[in-house]
Amino acid sequence: MTTSLSLADARRIALAAQGFASRIPSQVGAAQLRRTVDRLSLFQIDSVNVLTRAHYLPAFSRLGIYDRALLERDAWGPKSGRRLFEYWAHEASLLPMDLHPLLRWRMAKAERGETGYVALRRFAGERRVEADAVLARIAADGPLAAADFENGSSRSGWWEWSDTKHALEYLFWAGRITTATRRGSFARLYDLTERVIPAGVLGLPTPNAATAQRMLIERSARALGVATAADLRDYFRLKPAEGDPAIASLVEEGVLEPVEVEGWSQKAWLHREAAKPRRIRGAALLAPFDPLIWERSRTERLFGFRYRIEIYVPQPLRTHGYYVLPFLLDEALVARVDLKADRQDGVLRAQRITLERDAPLDTREHLVTELERMAAWLGLGALLLGEIVVAQ
């Protein structure tokens, strides 16, 4: 018999699964940060730095002020102490090391040229010699960025900048190289995987694809709490043929329970260990790539909140701003803020604040508190509030 959930219950389950049912700790250490990464299974990476890099923000949303160096050390510190690695998961992501074996089937597909965009797949076949030359150069010279290949051209003159980058990305997707560290404007330095990933991780058994996909779906279900099949697949970008058999297997095992959520037209699944709090209290600014809201249709289903990032929209056509963070207050998304870290002037600029029509009267007060917390975390001495409007 299928259980029915109210929309409010589903929302609380989702928020708890994402780590919003706990109070912000007074002090954040490595252990709290690692628990957050494990709970979410990944931090999405994005290159936009108008506020701060996207992978830093989910931990701030759940933990408050923390030392970003803790995350950097786990991601790009000495090999012996590494806790995270980079790979394509939801998108480019930082992931806990124990997920490495679960993504090797994707690496193997990439190496055979069975996944990725067309220009990348060519390096598995007709342009394999060029990929091998790039790999040999890294093996000989150590960590290199794309720009280190003589400004984008190999010593042999075989390819231009874009071809060098395609070859590197092919090797990255195939798991032959990975990110050793980042430098300058966050440029990725590639090195041989065995020189970056600890031997104990590389030595872990490699499950077959079906087993790995089932384990990834289970991680998705834990992180989402309650979700449709499309939501579960989207978390690690699994195709229906990869994700649906995994869902069926987990249902048969009793790990996932079928539920009907009020107002949802699609069947949903509840993780059997999902917490079901009676209420959620708290406030958080959410990155555009936060896993609570990155799947926009799910955001609308859960919160009745239509959210689109407008970075690529021409300025005159933007509705809410360039880099807009939704504001979570208790169990609702009640506002959105176009934010910019003005590092030169030491100011966090809330360039435009849009309140939802049904936002509580104290929304502005809570929002300012969170903005002040963010300014302090980013080392900015002041907060400057711009225009405040109410959504139409």
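Helices (H or I, at least four residues) and strands (E, at least two) are DSSP runs, numbered from the N terminus. The exercises below concern a predicted model.

**Exercise 1. Two residues of strand S4**

Determine where Ala 92 lies, and whether it is buried or exposed.

Solution. Step 1: Ala 92 belongs to strand S4. Step 2: its relative accessibility is 11%, and buried means under 20%, so Ala 92 counts as buried. Step 3: beyond its neighbours within four places in sequence, Ala 92 is in contact with Phe 43, Gln 44, Ile 45, Tyr 87 and Arg 188. Step 4: Ala 92 and Asp 46 stand 46 residues apart in sequence, while their C-alpha atoms are 7.5 Å apart.

Carry out the corresponding analysis for Leu 94, and state which residues it touches.

Solution. Step 1: Leu 94 is placed in strand S4, which covers residues 92-96. Step 2: with a relative accessibility of 0%, Leu 94 counts as buried. Step 3: residues up to four places away in sequence are not counted; Leu 94 then touches Ser 41, Leu 42, Phe 43, Ile 45, His 55, Ala 75, Trp 76, Leu 84, Phe 85 and Glu 86. Step 4: the C-alpha atoms of Leu 94 and Gln 44 lie 6.4 Å apart, although 50 residues separate the two in sequence.

**Exercise 2. An aromatic pair and its setting**

Classify the aromatic pair formed by Tyr 87 and Phe 172, and identify which parts of the chain it ties together.

Solution. Step 1: the structure holds nine aromatic pairs. Step 2: for Tyr 87 and Phe 172, the ring centres are 6.0 Å apart and the planes make an angle of 35 degrees. Step 3: planes under 30 degrees apart would count as stacked and over 60 as edge-to-face, so this pair is tilted. Step 4: Tyr 87 is in strand S3 (residues 84-88) and Phe 172 in helix H8 (residues 161-173), so the pair links parts that are 85 residues apart in sequence. Step 5: Tyr 87 is buried, at 2% relative accessibility, and Phe 172 is buried as well, at 1%.

Find which arginine lies over the face of Phe 172, and which over the face of Phe 149.

Solution. Step 1: Arg 188 lies over the face of Phe 172, at 4.1 Å from the ring centre. Step 2: Arg 137 lies over the face of Phe 149, at 4.9 Å from the ring centre. A separate aromatic grouping can be added: Phe 60, Tyr 66 and Trp 377 form one cluster.

**Exercise 3. The largest cavity**

Describe the largest cavity by its volume and its lining.

Solution. Step 1: two cavities of 30 Å³ or more are counted. Step 2: the largest cavity has a volume of about 50 Å³. Step 3: its lining consists of Phe 85, Glu 86, Tyr 87, His 100, Met 107, Phe 172, Gly 175, Ile 177, Thr 178, Thr 193 and Ile 197. Step 4: at least two lining residues come from each of S3 and strand S5 (177-183). Step 5: S3 contributes three residues, the largest share of the lining.

**Exercise 4. Helix H5**

State how many residues of helix H5 are buried, and which they are.

Solution. Step 1: helix H5 spans residues 104-111, and six of its eight residues are buried, which leaves the helix mostly covered. Step 2: the buried residues are Arg 104, Trp 105, Arg 106, Met 107, Lys 109 and Ala 110. Step 3: H5 is followed by Gly 113, whose phi is positive, near 80 degrees.

**Exercise 5. Positive phi outside glycine**

Compare the settings of Ser 41 and Arg 237, each of which has a positive phi.

Solution. Step 1: most residues other than glycine have a negative phi. Step 2: phi is near 75 degrees for Ser 41 and about 55 degrees for Arg 237. Step 3: Ser 41 sits in the loop between helix H2 (30-40) and strand S2 (43-44), whereas Arg 237 is in the loop between helix H11 (229-235) and helix H12 (240-253). Step 4: Ser 41 is buried, with a relative accessible area of 1%, and Arg 237 is partly exposed, with 35%.

**Exercise 6. The nonpolar cores**

Identify which members of the largest nonpolar core touch the most other members.

Solution. Step 1: the largest nonpolar core has 102 residues, and Leu 51, Tyr 323 and Met 374 touch the most other members. Step 2: apart from this core lies another, of 25 residues, including Ala 14, Phe 303, Phe 305 and Leu 333. Step 3: leaving aside neighbours within four places in sequence, the contacts of Tyr 323 include Val 48, Leu 51, Pro 288, Phe 289, Ile 311 and Leu 339.

Note on methods
Residues numbered from 1 in each chain as written. Predicted model: local features only at pLDDT ≥ 70, side-chain atom pairs only at ≥ 80, totals over all residues. Heavy atoms only, no water. Core = buried A, V, L, I, M, F, W, Y, C linked by side-chain atoms within 4.5 Å. Buried < 20%, exposed > 50% of the residue type's maximum accessible area, 1.4 Å probe, protein only. Contact = heavy atoms within 4.5 Å. Phe/Tyr/Trp six-rings, centres within 6.5 Å; stacked < 30°, edge-to-face > 60°. Lys NZ or Arg CZ within 6 Å of the ring centre and 35° of its normal. 1 Å grid on protein atoms, 1.4 Å probe; cavity = no way out; pocket = protein on both sides within 12 Å on 5 of 7 lines; lining within 4 Å. Points joined across faces, edges and corners; volume = space filled by probe spheres on them.
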